[in-house]
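Hi everyone, thanks for squeezing me in. I'd like to walk you through one fold today, so let me get it up on the screen.

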Amino acid sequence: MSIENNVQIVKDFFAAMGRGDRQGLLALTAEDIEWIIPGEDWPLAGTYRGHAGLQDLLQKASDKVETSVMEHREYVAQGDRVLVVGFASGKIKATKKAWDDDWVFAITVRSGKLTKIREYVDTQALARASETDASPKP
């Protein structure tokens, strides 16, 4: 696949995500996809594997996080890698606390399917927004 095709596949993936099109997302991802979200103390942190893991992540995101802004500002591609630079904001539903996040997604595309997603996010901002008044303070 060409670099341009890989970028378009990633754009299609984000468009399907924005529409809430779970079947479209599954069609664009390899059955053994791996999605890594770093951090601790916030609801989406973890490693998700396969279509079942992707569906688990999407359900968890729907249940726990409200995203009000999701901007895809830049796509940088080389070989089978596409980096997406963006910004998001929203709130954690359980705490009603807002967060802002400048992020980068490093995505691997092989044979027309996303095979790996690694997020680079502001884990501190997301963990702070996830803290409840009863959360232990360091």
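I'll go from the sheet to the helices, and then on to the pocket.

One thing up front: this is a predicted model, and everything I quote is computed from it.

Okay, the sheet. There are 6 strands, and they make an open sheet with mixed pairing. Reading across, the order is S2-S1-S6-S5-S4-S3. The edges are strand S2, residues 46–49, and S3, each of which pairs on one side only. On average, neighbouring strands are turned by 15 degrees against each other, if you ignore direction.

Let's look at S1, which has a partner on either side in that order. S1 and strand S6, residues 113–120, run parallel and are joined by 4 bridges. S1 and S2 are also joined by 4 bridges, but that pair runs antiparallel. A nice residue to click on here is Trp-35. Its bridge partner in S6 is Ile-117, and its bridge partner in S2 is Tyr-48. Next along, Ile-36 has Arg-118 as its bridge partner in S6. And how many of the residues in S1 are buried? It's 7 of 9, so to speak a mostly covered strand.

Now swing over to S3 and S4. These two pair antiparallel over 12 bridges, and Tyr-75 stands opposite Val-84 in S4. They form a hairpin with 2 residues between the strands. If you zoom in on the turn, Gly-79 has a positive phi of about 60 degrees.

While we're on strands, a general reminder: in a regular strand, side chains alternate between the two faces of the sheet.

On to the helices. Which strands does H1 touch as it packs on the sheet? The list is S1, S3, S4, S5 and S6, and the direction of H1 makes about 175 degrees with that of S3. H3 packs on the sheet as well, touching S1, S2, S3 and S4. Its direction makes about 45 degrees with that of S1.

Let me stay with H3 for a second and pick out Leu-54, which sits in that helix. Is Leu-54 buried or exposed? With a relative accessible area of 3%, Leu-54 is buried, because the cut-off for buried is under 20%. Leaving out residues up to four places away in sequence, Leu-54 touches Leu-25, Leu-26, Thr-29 and Trp-35. So that's our Trp-35 again, in contact with Leu-54.

Then there's helix H4, residues 123–130. Its buried residues are Ala-125, Leu-126, Ala-127, Ala-129 and Ser-130, and they pack against S4 and S5. To give you a feel for distance, Leu-54 and Arg-128 are 74 residues apart in sequence and 25 Å apart in space, C-alpha to C-alpha.

Last stop, the pocket. The largest pocket holds about 760 Å³ of space, and 27 residues line it. Which of them lie nearest the centre? Those are Met-17, Leu-44, Ala-61, Thr-67 and Met-70. The elements giving two or more residues to the lining are helices H1, H2 and H3, plus strands S1, S3 and S5. By class, the lining has 18 nonpolar, 5 polar and 4 charged residues.

That's the tour. Happy to spin the model around if anyone wants another look.

Notes: Residues numbered from 1 in each chain as written. Predicted model: local features only at pLDDT ≥ 70, side-chain atom pairs only at ≥ 80, totals over all residues. Heavy atoms only, no water. 1 Å grid on protein atoms, 1.4 Å probe; cavity = no way out; pocket = protein on both sides within 12 Å on 5 of 7 lines; lining within 4 Å. Points joined across faces, edges and corners; volume = space filled by probe spheres on them. Nonpolar A, V, L, I, M, F, W, Y, C, P; charged D, E, K, R; others polar. Pairing = 2+ DSSP bridges. Axes fitted to C-alpha atoms, helices over the stretch in contact; angles between N-to-C directions. Contact = heavy atoms within 4.5 Å. Buried < 20%, exposed > 50% of the residue type's maximum accessible area, 1.4 Å probe, protein only.
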